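Have your viewer ready and your selection tool at hand. We will move from stop to stop, and at each one you will get something to select and a note on what is there.

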Amino acid sequence: MTDNREAELLAAVPGGLFIGGEWRAAEDGAVLGVHDPATGALVKEVASASVADGVAALDAACDAFASWSATPARERADILRRAFDLLQERKEDVALLMTIEMGKPLAEARGEVAYGGEFLRWFSEEAPRVQGRYGPNPEGTGRMIVTQHPVGPCFLITPWNFPLAMATRKIAPALAAGCTVVLKPAGLTPLTTLFLTRILEDAGLPPGVVNVVTTSATGPVSEAIIRDPRLRKLSFTGSTPVGQKLLEQAAAGVLRTSMELGGNAPFVVFGDADLDAAVDGAIAAKFRNIGQACTAANRFVVHRSVVDEFARRVTERVQAFTVGRGTEDGVTIGPLIDDRAVTKTAALVRDAVERGATLRAGGGPIDGPGSFFAATVLSDVQPGSEILREEIFGPVLAIVPFDDEDEAVRIANDTEYGLVSYVYTQDLARGQRMIERLETGMMGLNIGVVSNAAAPFGGWNLSGLGREGGAEGIHEYLRSKYTLTPNPFA
């Protein structure tokens with residue numbers, strides 16, 4: 001049961017689709033239920049869009065594009081800045097809403113509000129700074145003009161694990177560039193996005209610029225929008241297999257695509273590392289968001305000279321965690337998103353133990369209501385274990401020893417993914433070598449959290465393509481035009 005504050009907050013969340021500046025029910029009246037993963041209780045029902053609803057949302061985005069793309073950059077920036085300010089005013093409500101529908105501890109939810117808000121502020125500042133260039137061609141026969149233009153209507157698909165930050169990370173650069181969007185949040189966690197949409201509405205966003213469709217018919221609705229020839233851009237955050245399928249659909253229309261896909265991050269600890277800092281970094285890199293993050297450290301590759309001490313220290317920290325509903329004081333580990341996640345995590349741990357890993361803490365689901373899994377530490381994880389190949393997406397820290405730098409690099413790069421890596425060493429030259437040798441799009445050197453709105457977020461290989469955030473982020477929503485004019489002095 002929710003308390004009065006939670007009930008009032010849930011009642012304030014719009015339950016409809018947001019199309020053309022209006023909140024409406026699904027065409028066929030369908031709804032989808034949102035559940036609290038800590039209790040399994042149904043907390044709210046929201047509209048479940050049909051294919052026709054998805055197309056209507058794209059209609060609205062297309063109708064609004066000409067006007068919004070012609071809106072002065074300063075006006076677009078002012079709306080994004082007002083949205084940032086409103087988010088700060090309502091940050092406690094947004095944090096509580098995330099905890100209710102996703103399960104993360106309230107302290108972490110507040111952190112996501114701060115992180116997610118930064119994309120609104122950062123891209124409000126980037127909007128007026130989109131630049132072209134002008135100059136003579138090398139032959140001196142003409143003048144080259146290069147200008148930047150919004151790519152067009154965009155379809156944005158966000159995951160359930162960071163329901164605020166993944167929405168602002170896509171919406172903000174799109175709007176800053178002059179694009180209009182259709183946003184489809186995850187069916188497991190749509191409430192935060194709907195609340196954010198109300199904030200954007202209150203900030204003065206014109207009708208049709210942002211349209212939101214919540215749906216349980218994700219595949220048909222998404223495919224109808226992606227295959228519509230009016231769509232010009234697709235941005236997706238989620239699993240690699242789904243991303244590959246969406247890329248196939250996007251190929252027909254030659255869409256601009258941004259794909260932030262799966263990860264299998266190595267966390268490498270050398271023998272000279274500051275172990276206190278490495279343990280702090282390990283806890284942050286692994287257990288943030290209950291391990292349900294694409295940037296979560298997946299494989300802890302630790303030098304044999306310090307592996308036992310590292311394992312002892314992280315085990316002590318993990319055994320001190322408090323598991324419970326994220327709204328409760330002192331809780332450090334909330335539930336996984338659903339029972340399927342619990343089943344997958346349990347299978348990975350079981351496979352590792354059967355292959356010879358040592359179970360030091362946790363190891364299985366927690367009895368009772370909700371989708372809880374005990375925070376787990378495994379050491380001596382053996383080659384071939386599924387936990388070293390698959391993205392865990394759960395609170396399991398798996399340790400693998402190594403003997404020298406070349407072996408550490410080989411183990412770290414032994415994956416088809418390449419999103420982020422973490423390295424702890426006090427040797428400056430080694431740190432520089434690891435920057436160049438590890439095949440990831442991002443790296444934390446002596447730090448366990450790398451995400452920042454001012455930095456380009458994205459991976460290599462099967463972890464995706466394109467970048468979100470930073471100066472690079474707005475260019476995902478722009479296209480260049482080159483114009484040649486005669487030499488005016490000829």
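The tour below visits one helix, then some charged pairs, then two pockets. Keep in mind throughout that this is a predicted model.

**Stop 1: helix H1**

Start by selecting residues 4-12, which form helix H1. Which residues of H1 are buried? Colour Glu6, Leu9 and Leu10, and you have them. These three span an arc of only 100 degrees around the axis, so they sit on the same side of H1. Now pick Asn4, Glu8 and Ala11: they are exposed, on the other side of the helix. To see what covers the buried residues, add strand S4 (42-47), helix H4 (91-102) and helix H7, which are among the covering parts.

**Stop 2: salt bridges**

Side chains of opposite charge can pair when their charged atoms come close. There are 31 salt bridges in this structure, and we will look at a few.

Select aspartate 59 and arginine 230 and show their side chains. They form a salt bridge, with 2.7 Å between the closest N and O atoms. Aspartate 59 belongs to helix H2 (residues 51-70), while arginine 230 is in the loop between H8 and S10, so this pair ties together parts that are 171 residues apart in sequence. Both ends are partly exposed: the relative accessible area is 29% for aspartate 59 and 33% for arginine 230.

Next, go to helix H7 (residues 191-202) and choose arginine 198 and glutamate 201. Here the closest N and O atoms of the salt bridge are 3.0 Å apart. How many residues separate the two along H7? They are three residues apart, which is about one helical turn. Arginine 198 is partly exposed at 28% relative accessible area, and glutamate 201 is partly exposed at 28%.

For another pair, select arginine 355 and aspartate 351, whose salt bridge brings their closest N and O atoms to 3.0 Å. Is aspartate 351 buried or exposed? Aspartate 351 is buried, with a relative accessible area of 12%, whereas arginine 355 is partly exposed at 41%.

Before moving on, select Asp272, Glu405, Asp406, Arg430, Arg433 and Arg437 together. Salt bridges link these residues into a network.

**Stop 3: the largest pocket**

Rolling a probe the size of a water molecule over the atoms shows where empty space is left. Centre your view on Trp160, Phe236, Gly238, Ser239 and Val242: of the 40 residues lining the largest pocket, these are the closest to its centre. The volume of this pocket is about 1,100 Å³. Which element gives the largest share of the lining? Highlight H9, which supplies six residues. Elements giving two or more residues to this lining also include helix H8 (218-226), strand S10 (233-237) and helix H12 (339-354). If you colour the lining by class, you will find 16 nonpolar, 15 polar and nine charged residues.

**Stop 4: the second largest pocket**

Finally, select Gln382, Pro383, Leu388, Val400 and Ile411. They lie nearest the centre of the second largest pocket, which is lined by 15 residues and holds about 310 Å³ of space. Show strand S16 (396-402) and helix H13 (405-413) as well, since each is listed among the elements that give two or more residues to the lining. H13 provides the largest share, three residues. Colouring this lining by class gives six nonpolar, two polar and seven charged residues.

Note on methods:
Residues numbered from 1 in each chain as written. Predicted model: local features only at pLDDT ≥ 70, side-chain atom pairs only at ≥ 80, totals over all residues. Heavy atoms only, no water. 1 Å grid on protein atoms, 1.4 Å probe; cavity = no way out; pocket = protein on both sides within 12 Å on 5 of 7 lines; lining within 4 Å. Points joined across faces, edges and corners; volume = space filled by probe spheres on them. Helix = DSSP H or I, 4+ residues; strand = E, 2+ residues; numbered from the N terminus. Nonpolar A, V, L, I, M, F, W, Y, C, P; charged D, E, K, R; others polar. Salt bridge = Lys/Arg side-chain N within 4 Å of Asp/Glu carboxyl O. Buried < 20%, exposed > 50% of the residue type's maximum accessible area, 1.4 Å probe, protein only. Arc of directions from axis to C-beta. Contact = heavy atoms within 4.5 Å.
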